[in-house]
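This briefing sets out strand pairing, helix packing and salt bridges for the structure shown below. The points are grouped by topic.

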Amino acid sequence: MAAEGCVLININDNFTKAVILEINCETDFVARDKSFTDFANFTSSEFLKIDSSTINSIINKETENEIESMRKQLVMKLGENITIRRAQLIETSSKFFSYIHNGKIAVLLDASSIDDGIGKDICMHIAAMKPLAVSQDELDSKIIEREKELATAKAKELGKPAEMIDKIVDGSLRKFFAEVTLLNQKFVKDDKKTIKEILDAGTINNFIVYILGEGIEKKNENFADEVQSQIDSMKK
């Protein structure tokens, strides 16, 4: 499966509407090709102009459109599988901030009452530390339950008294929350402060992180069949 490519973010002029997306190809060589990067940039610009249902239709190749036509042409030209893997179009009443690291990690941050410098710093922090949620309250309950089970099992394995296990588990969870929730993480640029402490009066509403190829098993594939199929259709 195609696992190279790029992640992109496009934000409107007043920073209230944004799209984050991932476009994949098979090799890093093609990911650097101008035809591929032009297609990726065009797609991100177009996605910012349309609605989520239309974006999903394009990703799922349900209708013929300019983006799908360009994708097919690229497949023929470059000889590799090229897919728009995922995208999210979102709006906010506050402000979006963003950071992209080497085209491989994209962070989109929705925050209120923070300046551009802090917004960028927090985006970079998220890219480096990869928190799972803004706060403890937003963590998936399944993740919390799993940590409880692991902490309990470890305490029992160490032979801790039954009456101490609950306190040990609570302590382990507090440490876990400090490691995986954004507001409680130590700020990468000043580990004497947490993200919550550098916000002052600001508020973080949400964040999205796309990591290129995340969850895709990287393996070599011959995509000649689709290339040949496109060539054959052109001949008809």
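How many residues lie between strand 6 and strand 7 in the hairpin that they form? Two residues separate strand 6 from strand 7 in this hairpin. The model is predicted, and the points below cover the hairpin, two open sheets, two helix pairs and the salt bridges.

**Hairpin of strands 6 and 7**

- Strand 6 (residues 186–187) and strand 7 (residues 190–194) run antiparallel and are joined by two bridges.
- Opposite Phe-187 stands Asp-190 of strand 7.

**Sheet 1-2-3 and the helix packed on it**

- An open sheet is built from three strands in the order 1-2-3, with antiparallel pairing.
- At its edges are strand 1 (4–11) and strand 3, each of which pairs on one side only.
- On average, neighbouring strands of this sheet are turned by 10 degrees against each other, direction ignored.
- Helix 2 (residues 34–49) packs on the sheet and touches strand 1, strand 2 and strand 3. The direction of helix 2 makes about 150 degrees with that of strand 2.
- Eight bridges connect strand 2 and strand 3, which pair in the antiparallel sense.
- Lys-17 has Glu-91 in strand 3 as its bridge partner.

**Sheet 4-5-8**

- Three strands in the order 4-5-8 make up an open sheet, and the pairing is antiparallel.
- Strand 4 (95–101) and strand 8 (203–211) each have a single partner strand, so one side of each is left without a neighbour in the sheet.
- The average turn between neighbouring strands of this sheet is 15 degrees, direction ignored.
- Strand 4 and strand 5 (residues 105–112) run antiparallel and are joined by seven bridges.
- Phe-97 has Leu-109 in strand 5 as its bridge partner.

**Helix 2 and helix 4**

- Helix 2 and helix 4 (residues 66–78) have axes that come within 11 Å and cross at roughly 170 degrees. Angles over 145 degrees count as roughly antiparallel, and helix 2 and helix 4 are therefore roughly antiparallel to each other.
- On the helix 2 side, the contact residues are Ser-35, Phe-36, Phe-39, Phe-42, Thr-43, Glu-46 and Phe-47. They meet Glu-66, Ile-67, Met-70, Arg-71, Leu-74, Lys-77 and Leu-78 in helix 4.
- Classified by residue type, the contact of helix 2 with helix 4 comprises eight nonpolar, two polar and four charged residues.

**Helix 6 and helix 7**

- Helix 6 (residues 141–157) packs with helix 7 (residues 162–180) at an angle of about 130 degrees, and their axes are 9 Å apart. The two helices, helix 6 and helix 7, are therefore oblique to each other.
- The crossing of helix 6 and helix 7 is right-handed.
- Helix 6 contributes Ile-143, Ile-144, Glu-147, Lys-148, Ala-151, Thr-152, Ala-155 and Lys-156 to the contact. Their counterparts in helix 7 are Ile-165, Ile-168, Val-169, Ser-172, Leu-173, Phe-176 and Phe-177.
- By class, 10 nonpolar, two polar and three charged residues make up the contact of helix 6 with helix 7.

**Salt bridges**

- The count comes to 10 salt bridges.
- Glu-22 forms a salt bridge with Arg-85, in which the closest N and O atoms are 3.2 Å apart. This pair links distant parts of the chain, with Glu-22 in strand 2 (residues 17–25) and Arg-85 in strand 3 (residues 83–91), 63 residues apart.

Note on methods. Residues numbered from 1 in each chain as written. Predicted model: local features only at pLDDT ≥ 70, side-chain atom pairs only at ≥ 80, totals over all residues. Heavy atoms only, no water. Axes fitted to C-alpha atoms, helices over the stretch in contact; angles between N-to-C directions. Helix = DSSP H or I, 4+ residues; strand = E, 2+ residues; numbered from the N terminus. Parallel < 35°, antiparallel > 145°, perpendicular 65-115°, else oblique. Left-handed = near helix turned anticlockwise from the far one by under 90°. Contact = heavy atoms within 4.5 Å. Nonpolar A, V, L, I, M, F, W, Y, C, P; charged D, E, K, R; others polar. Pairing = 2+ DSSP bridges. Salt bridge = Lys/Arg side-chain N within 4 Å of Asp/Glu carboxyl O.
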